[in-house]
Amino acid sequence: MKKCVQDISKVELHCHLDGSVSSGLIKQLAAEQQIPLIEDNLIVSEACESLDEYLQCFDEILKVLQTTDSLKRAVVDVVNQADHDNVKYIEIRFAPMLHMEKGLGLPEIFEAVEAGVETAVASTGIKVNLLVCAMRQQDATVNTALFDYLQQRNSQFVCGIDFAGPEVPFPPNTIETQIEYGVNKGFNLTLHAGECGCMHNVMESIRLGAKRIGHGVAINQDEVALQEVKAQNILLEMCPKSNIQTKAIQDLSDLNLPYLLQEEIPFLINTDNRTVTQTSLNEEYQLLLEHHLITLDQIETINQNAINFAFLPENERQHIKSKLMS
Ligand SMILES: [Zn+2]
(Lines give C-alpha, C1' and ligand atoms only; values in the text may rest on other atoms or scores of the structure.)
Protein backbone atom coordinates (compact mmCIF):
# COMPACT_ATOMS: atom_id res chain seq x y z
CA MET A 1 0.00 0.00 0.00
CA LYS A 2 1.16 3.52 -0.80
CA LYS A 3 2.05 5.64 2.21
CA CYS A 4 1.28 9.11 0.89
CA VAL A 5 0.01 11.09 -2.09
CA GLN A 6 3.54 11.73 -3.36
CA ASP A 7 4.19 7.98 -3.66
CA ILE A 8 1.36 7.51 -6.14
CA SER A 9 2.28 7.74 -9.83
CA LYS A 10 -0.14 10.13 -11.47
CA VAL A 11 -1.73 11.31 -14.68
CA GLU A 12 -2.80 14.90 -15.30
CA LEU A 13 -5.17 15.75 -18.13
CA HIS A 14 -6.31 19.30 -17.36
CA CYS A 15 -3.49 21.79 -16.87
CA HIS A 16 -3.23 25.17 -18.61
CA LEU A 17 0.23 26.33 -19.60
CA ASP A 18 -0.26 30.05 -18.94
CA GLY A 19 -2.07 29.61 -15.63
CA SER A 20 0.53 27.14 -14.39
CA VAL A 21 3.84 28.89 -15.10
CA SER A 22 5.46 29.43 -11.71
CA SER A 23 5.44 32.94 -10.23
CA GLY A 24 9.23 32.72 -10.07
CA LEU A 25 9.56 32.28 -13.82
CA ILE A 26 6.87 34.89 -14.55
CA LYS A 27 8.77 37.46 -12.48
CA GLN A 28 12.08 36.49 -14.08
CA LEU A 29 10.62 36.83 -17.58
CA ALA A 30 9.10 40.19 -16.67
CA ALA A 31 12.46 41.44 -15.43
CA GLU A 32 14.27 40.20 -18.54
CA GLN A 33 11.66 41.69 -20.85
CA GLN A 34 11.39 44.88 -18.78
CA ILE A 35 7.67 44.49 -18.40
CA PRO A 36 6.10 45.98 -15.26
CA LEU A 37 3.92 43.40 -13.52
CA ILE A 38 1.19 43.79 -10.95
CA GLU A 39 2.13 40.75 -8.89
CA ASP A 40 -1.16 40.66 -6.99
CA ASN A 41 -2.91 40.02 -10.31
CA LEU A 42 -1.02 36.78 -10.98
CA ILE A 43 -2.97 34.74 -8.49
CA VAL A 44 -6.68 34.59 -7.88
CA SER A 45 -7.89 36.88 -5.11
CA GLU A 46 -9.65 35.39 -2.11
CA ALA A 47 -12.61 37.56 -2.97
CA CYS A 48 -12.99 36.03 -6.45
CA GLU A 49 -16.67 35.73 -7.26
CA SER A 50 -16.77 34.17 -10.71
CA LEU A 51 -15.02 32.49 -13.62
CA ASP A 52 -14.81 35.84 -15.41
CA GLU A 53 -12.96 37.34 -12.49
CA TYR A 54 -10.69 34.28 -12.28
CA LEU A 55 -9.84 34.58 -15.97
CA GLN A 56 -8.56 38.13 -15.47
CA CYS A 57 -5.35 36.76 -13.90
CA PHE A 58 -4.33 35.43 -17.29
CA ASP A 59 -4.07 38.95 -18.78
CA GLU A 60 -1.19 39.70 -16.43
CA ILE A 61 0.64 36.40 -17.04
CA LEU A 62 0.22 36.55 -20.82
CA LYS A 63 2.16 39.84 -20.92
CA VAL A 64 5.39 37.86 -20.49
CA LEU A 65 4.48 34.88 -22.69
CA GLN A 66 4.77 36.59 -26.07
CA THR A 67 8.23 35.36 -27.10
CA THR A 68 9.49 31.98 -28.26
CA ASP A 69 12.05 31.88 -25.44
CA SER A 70 9.39 32.47 -22.76
CA LEU A 71 7.05 29.84 -24.23
CA LYS A 72 9.76 27.21 -24.30
CA ARG A 73 10.81 27.94 -20.72
CA ALA A 74 7.17 27.99 -19.58
CA VAL A 75 6.65 24.43 -20.81
CA VAL A 76 9.80 23.19 -19.08
CA ASP A 77 8.74 24.97 -15.88
CA VAL A 78 5.26 23.38 -15.83
CA VAL A 79 6.59 19.88 -16.58
CA ASN A 80 9.09 20.26 -13.74
CA GLN A 81 6.22 21.08 -11.38
CA ALA A 82 4.35 18.01 -12.59
CA ASP A 83 7.48 15.96 -11.97
CA HIS A 84 7.42 17.09 -8.33
CA ASP A 85 3.87 15.74 -8.13
CA ASN A 86 5.08 12.34 -9.40
CA VAL A 87 3.18 12.73 -12.67
CA LYS A 88 4.09 10.17 -15.36
CA TYR A 89 1.88 11.53 -18.12
CA ILE A 90 0.57 15.05 -18.62
CA GLU A 91 -1.45 16.77 -21.30
CA ILE A 92 -0.68 20.50 -21.14
CA ARG A 93 -3.13 22.77 -22.89
CA PHE A 94 -2.51 26.18 -24.37
CA ALA A 95 -4.25 28.66 -26.64
CA PRO A 96 -1.84 29.72 -29.42
CA MET A 97 -3.94 32.79 -30.23
CA LEU A 98 -3.14 34.29 -26.82
CA HIS A 99 0.57 34.41 -27.59
CA MET A 100 0.45 36.58 -30.71
CA GLU A 101 0.34 40.06 -29.16
CA LYS A 102 3.91 40.83 -30.16
CA GLY A 103 3.76 39.36 -33.62
CA LEU A 104 4.53 35.66 -33.16
CA GLY A 105 2.89 33.45 -35.77
CA LEU A 106 1.57 29.92 -35.34
CA PRO A 107 4.73 28.20 -36.69
CA GLU A 108 7.00 30.04 -34.21
CA ILE A 109 4.63 29.41 -31.32
CA PHE A 110 4.43 25.69 -32.03
CA GLU A 111 8.17 25.37 -32.59
CA ALA A 112 8.79 27.01 -29.21
CA VAL A 113 6.24 24.95 -27.29
CA GLU A 114 7.37 21.71 -28.94
CA ALA A 115 11.01 22.54 -28.17
CA GLY A 116 9.95 23.04 -24.55
CA VAL A 117 8.31 19.62 -24.54
CA GLU A 118 11.43 17.97 -25.97
CA THR A 119 13.68 19.60 -23.37
CA ALA A 120 11.31 18.75 -20.52
CA VAL A 121 10.87 15.14 -21.60
CA ALA A 122 14.63 14.69 -21.86
CA SER A 123 15.21 16.00 -18.34
CA THR A 124 12.25 14.44 -16.50
CA GLY A 125 11.28 11.30 -18.43
CA ILE A 126 7.62 12.32 -18.17
CA LYS A 127 5.50 11.71 -21.25
CA VAL A 128 4.10 15.10 -22.33
CA ASN A 129 1.43 15.85 -24.90
CA LEU A 130 -0.26 19.09 -25.90
CA LEU A 131 -3.92 20.04 -26.14
CA VAL A 132 -4.62 23.05 -28.30
CA CYS A 133 -7.32 25.42 -27.06
CA ALA A 134 -9.45 27.41 -29.40
CA MET A 135 -11.05 30.35 -27.58
CA ARG A 136 -14.84 30.43 -27.44
CA GLN A 137 -14.99 34.22 -27.82
CA GLN A 138 -12.86 34.27 -30.94
CA ASP A 139 -14.18 34.63 -34.44
CA ALA A 140 -15.11 31.27 -35.97
CA THR A 141 -12.72 31.78 -38.87
CA VAL A 142 -9.79 32.19 -36.46
CA ASN A 143 -10.57 28.88 -34.79
CA THR A 144 -11.14 26.95 -37.99
CA ALA A 145 -7.88 28.38 -39.40
CA LEU A 146 -6.14 27.16 -36.24
CA PHE A 147 -7.47 23.63 -36.83
CA ASP A 148 -6.36 23.81 -40.48
CA TYR A 149 -2.88 24.73 -39.27
CA LEU A 150 -2.85 21.88 -36.77
CA GLN A 151 -3.74 19.42 -39.46
CA GLN A 152 -1.02 20.73 -41.71
CA ARG A 153 1.60 20.77 -38.95
CA ASN A 154 0.76 17.24 -37.80
CA SER A 155 2.78 17.72 -34.60
CA GLN A 156 3.83 14.56 -32.81
CA PHE A 157 2.92 16.26 -29.51
CA VAL A 158 -0.56 17.60 -30.25
CA CYS A 159 -3.04 14.99 -29.07
CA GLY A 160 -6.33 16.89 -29.12
CA ILE A 161 -8.30 20.12 -29.03
CA ASP A 162 -10.41 22.05 -26.55
CA PHE A 163 -12.48 25.23 -26.44
CA ALA A 164 -11.70 27.44 -23.44
CA GLY A 165 -12.83 30.90 -22.38
CA PRO A 166 -16.16 32.29 -21.18
CA GLU A 167 -18.83 29.58 -21.20
CA VAL A 168 -21.91 31.65 -20.32
CA PRO A 169 -21.93 33.92 -23.39
CA PHE A 170 -20.59 31.14 -25.64
CA PRO A 171 -22.35 27.85 -24.79
CA PRO A 172 -21.67 24.80 -27.04
CA ASN A 173 -24.52 25.49 -29.48
CA THR A 174 -23.01 28.90 -30.41
CA ILE A 175 -19.70 27.28 -31.39
CA GLU A 176 -21.14 24.02 -32.68
CA THR A 177 -19.93 24.47 -36.26
CA GLN A 178 -16.37 25.12 -35.11
CA ILE A 179 -16.42 22.12 -32.79
CA GLU A 180 -17.67 19.90 -35.61
CA TYR A 181 -14.99 21.32 -37.91
CA GLY A 182 -12.28 20.20 -35.48
CA VAL A 183 -13.85 16.81 -34.78
CA ASN A 184 -14.30 16.14 -38.49
CA LYS A 185 -10.59 16.64 -38.94
CA GLY A 186 -10.08 13.72 -36.60
CA PHE A 187 -8.88 15.59 -33.51
CA ASN A 188 -9.66 14.18 -30.09
CA LEU A 189 -11.96 16.57 -28.28
CA THR A 190 -12.17 17.59 -24.66
CA LEU A 191 -14.43 20.53 -23.81
CA HIS A 192 -14.70 22.91 -20.90
CA ALA A 193 -18.37 22.57 -19.92
CA GLY A 194 -20.59 22.84 -16.90
CA GLU A 195 -18.20 25.14 -15.06
CA CYS A 196 -20.88 27.82 -15.11
CA GLY A 197 -23.54 25.59 -13.56
CA CYS A 198 -25.31 24.72 -16.80
CA MET A 199 -25.95 20.99 -17.03
CA HIS A 200 -27.22 21.26 -20.59
CA ASN A 201 -23.78 22.45 -21.76
CA VAL A 202 -22.19 19.22 -20.51
CA MET A 203 -24.66 16.98 -22.30
CA GLU A 204 -24.42 19.10 -25.47
CA SER A 205 -20.63 18.82 -25.39
CA ILE A 206 -20.87 15.04 -25.22
CA ARG A 207 -23.34 15.03 -28.11
CA LEU A 208 -20.84 17.09 -30.12
CA GLY A 209 -18.14 14.47 -29.65
CA ALA A 210 -16.25 15.39 -26.48
CA LYS A 211 -14.52 12.32 -25.03
CA ARG A 212 -13.72 14.19 -21.84
CA ILE A 213 -15.32 17.14 -20.08
CA GLY A 214 -13.33 19.90 -18.41
CA HIS A 215 -14.87 20.43 -14.96
CA GLY A 216 -18.44 19.31 -15.70
CA VAL A 217 -19.42 20.20 -12.14
CA ALA A 218 -22.93 21.20 -13.16
CA ILE A 219 -23.90 17.54 -13.45
CA ASN A 220 -22.22 16.31 -10.27
CA GLN A 221 -25.44 16.20 -8.29
CA ASP A 222 -27.50 14.70 -11.10
CA GLU A 223 -27.43 10.93 -11.02
CA VAL A 224 -29.17 10.51 -14.38
CA ALA A 225 -26.60 12.71 -16.13
CA LEU A 226 -23.73 10.99 -14.31
CA GLN A 227 -24.99 7.57 -15.35
CA GLU A 228 -25.16 8.84 -18.93
CA VAL A 229 -21.52 9.97 -18.66
CA LYS A 230 -20.61 6.49 -17.46
CA ALA A 231 -22.63 4.77 -20.20
CA GLN A 232 -20.87 6.85 -22.85
CA ASN A 233 -17.47 6.32 -21.22
CA ILE A 234 -16.71 10.02 -20.77
CA LEU A 235 -14.14 11.17 -18.23
CA LEU A 236 -14.76 14.22 -16.03
CA GLU A 237 -11.61 16.32 -15.62
CA MET A 238 -12.19 17.76 -12.17
CA CYS A 239 -10.25 20.66 -10.66
CA PRO A 240 -11.48 21.06 -7.06
CA LYS A 241 -9.60 24.10 -5.80
CA SER A 242 -10.18 26.05 -9.00
CA ASN A 243 -13.89 25.21 -8.82
CA ILE A 244 -14.11 26.63 -5.30
CA GLN A 245 -12.40 29.84 -6.45
CA THR A 246 -14.63 30.36 -9.50
CA LYS A 247 -17.67 29.55 -7.33
CA ALA A 248 -18.51 26.65 -9.64
CA ILE A 249 -18.96 24.82 -6.33
CA GLN A 250 -19.51 26.17 -2.84
CA ASP A 251 -17.95 23.25 -1.02
CA LEU A 252 -15.78 20.22 -1.88
CA SER A 253 -18.68 17.93 -0.97
CA ASP A 254 -20.54 19.39 -4.00
CA LEU A 255 -18.19 17.33 -6.19
CA ASN A 256 -20.10 14.26 -5.00
CA LEU A 257 -16.92 12.15 -5.06
CA PRO A 258 -18.21 9.30 -2.87
CA TYR A 259 -21.05 8.71 -5.36
CA LEU A 260 -18.70 8.91 -8.35
CA LEU A 261 -16.34 6.43 -6.74
CA GLN A 262 -19.09 4.07 -5.70
CA GLU A 263 -20.69 4.12 -9.16
CA GLU A 264 -17.33 4.04 -10.97
CA ILE A 265 -18.11 7.21 -12.95
CA PRO A 266 -14.81 8.05 -14.70
CA PHE A 267 -13.12 11.14 -13.28
CA LEU A 268 -9.67 12.48 -12.56
CA ILE A 269 -8.35 15.21 -10.29
CA ASN A 270 -6.31 17.98 -11.94
CA THR A 271 -4.80 21.34 -11.05
CA ASP A 272 -6.30 23.49 -13.85
CA ASN A 273 -3.89 26.37 -13.13
CA ARG A 274 -1.11 25.72 -10.66
CA THR A 275 -0.14 29.36 -10.20
CA VAL A 276 -3.42 31.23 -10.61
CA THR A 277 -5.09 28.74 -8.26
CA GLN A 278 -2.01 28.40 -6.01
CA THR A 279 -2.03 24.64 -6.04
CA SER A 280 -0.17 21.48 -7.01
CA LEU A 281 -1.53 18.07 -7.89
CA ASN A 282 -0.36 16.68 -4.57
CA GLU A 283 -2.15 19.53 -2.78
CA GLU A 284 -5.41 18.83 -4.59
CA TYR A 285 -5.38 15.19 -3.50
CA GLN A 286 -4.25 16.11 -0.01
CA LEU A 287 -7.21 18.46 0.32
CA LEU A 288 -9.63 15.69 -0.68
CA LEU A 289 -7.96 13.25 1.70
CA GLU A 290 -8.25 15.70 4.58
CA HIS A 291 -11.96 16.07 3.88
CA HIS A 292 -12.33 12.27 3.81
CA LEU A 293 -13.68 12.39 0.26
CA ILE A 294 -11.21 9.87 -1.17
CA THR A 295 -8.65 7.32 0.05
CA LEU A 296 -5.08 6.72 -1.08
CA ASP A 297 -6.13 3.47 -2.72
CA GLN A 298 -8.87 5.27 -4.62
CA ILE A 299 -6.41 7.96 -5.75
CA GLU A 300 -4.22 5.21 -7.15
CA THR A 301 -7.16 3.57 -8.90
CA ILE A 302 -8.51 6.74 -10.55
CA ASN A 303 -5.05 7.56 -11.90
CA GLN A 304 -4.62 4.07 -13.30
CA ASN A 305 -8.07 4.28 -14.90
CA ALA A 306 -7.52 7.78 -16.26
CA ILE A 307 -4.78 6.65 -18.61
CA ASN A 308 -7.54 4.86 -20.55
CA PHE A 309 -8.93 8.32 -21.36
CA ALA A 310 -5.59 9.89 -22.32
CA PHE A 311 -5.35 10.88 -25.98
CA LEU A 312 -2.61 8.37 -26.72
CA PRO A 313 -1.95 5.60 -29.21
CA GLU A 314 -2.54 2.17 -27.66
CA ASN A 315 1.12 1.10 -27.46
CA GLU A 316 2.07 4.32 -25.63
CA ARG A 317 -0.92 3.94 -23.32
CA GLN A 318 0.23 0.46 -22.33
CA HIS A 319 3.75 1.72 -21.71
CA ILE A 320 2.56 4.46 -19.34
CA LYS A 321 0.09 2.09 -17.71
CA SER A 322 2.97 -0.16 -16.74
CA LYS A 323 4.71 2.86 -15.14
CA LEU A 324 1.56 3.69 -13.16
CA MET A 325 1.24 0.14 -11.89
CA SER A 326 4.82 -0.17 -10.71
ZN1 LIG B 1 -9.49 24.71 -17.61
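Where is N154 found? Keep that question in mind; Exercise 2 answers it.

This is a predicted model: local features need pLDDT of at least 70, side-chain atom pairs count only at pLDDT 80 or more, and totals for chains, interfaces and linings use all residues. Residues are numbered from 1 along each chain as its sequence is written, and side-chain values use heavy atoms, with hydrogens and water left out.

**Exercise 1. Describe the zinc site.**

Step 1: find the donors. Donors are N, O and S atoms within 2.8 Å of the metal (3.2 Å for Na, K and Ca); water is not among the atoms, so sites may look incomplete. The zinc ion is coordinated by H14 (NE2), H16 (NE2), H192 (NE2) and D272 (OD), at 2.1 to 2.5 Å.

Step 2: check the angles. Four donors count as tetrahedral if all angles lie between 85 and 135 degrees; four count as square planar and six as octahedral if opposite donors are over 155 degrees apart and all others between 65 and 115; anything else is irregular. Here the four donor atoms subtend angles of 83 to 171°, so the arrangement is irregular.

Step 3: read the spacing. Along the sequence, the donor residues follow H-x1-H-x175-H-x79-D. H192 in strand 5 (residues 190–193) and D272 in the loop between strand 8 (267–269) and helix 13 (281–290) link distant parts of the chain, 80 residues apart. Helices (H or I, at least four residues) and strands (E, at least two) are DSSP runs, numbered from the N terminus.

Step 4: check burial. Buried means under 20% relative accessible area, exposed over 50%, partly exposed in between (1.4 Å probe, protein chains only). H192 is buried at 6% relative accessibility. D272 is buried at 3%.

**Exercise 2. Place two residues with positive phi.**

Step 1: take N154. N154 sits in the loop between helix 7 and strand 4. Its phi is positive, about 50°, although N154 is not a glycine. With a relative accessible area of 63%, N154 is exposed.

Step 2: take D272. Its phi is near 70°, a positive value in a residue other than glycine. D272, a zinc donor, has its place in the loop between strand 8 and helix 13.

**Exercise 3. Classify the ring pair F147 and F163.**

Step 1: recall the rule. Rings of Phe, Tyr and Trp (its six-membered ring) pair if their centres lie within 6.5 Å; planes under 30 degrees apart count as stacked, over 60 as edge-to-face and the rest as tilted.

Step 2: count. The rule gives five aromatic pairs.

Step 3: apply it. The ring centres of F147 and F163 are 5.8 Å apart and the planes stand at 75°, so the pair is edge-to-face.

Step 4: locate the pair. F147 lies in helix 7 (residues 140–153) and F163 in strand 4 (residues 158–164), so the pair ties together parts that are 16 residues apart in sequence.

Step 5: check burial. F147 is buried, with a relative accessible area of 0%. F163 is buried, also with 0%.

Step 6: look for a cluster. Ring pairs link F94, F110 and Y149 into one.
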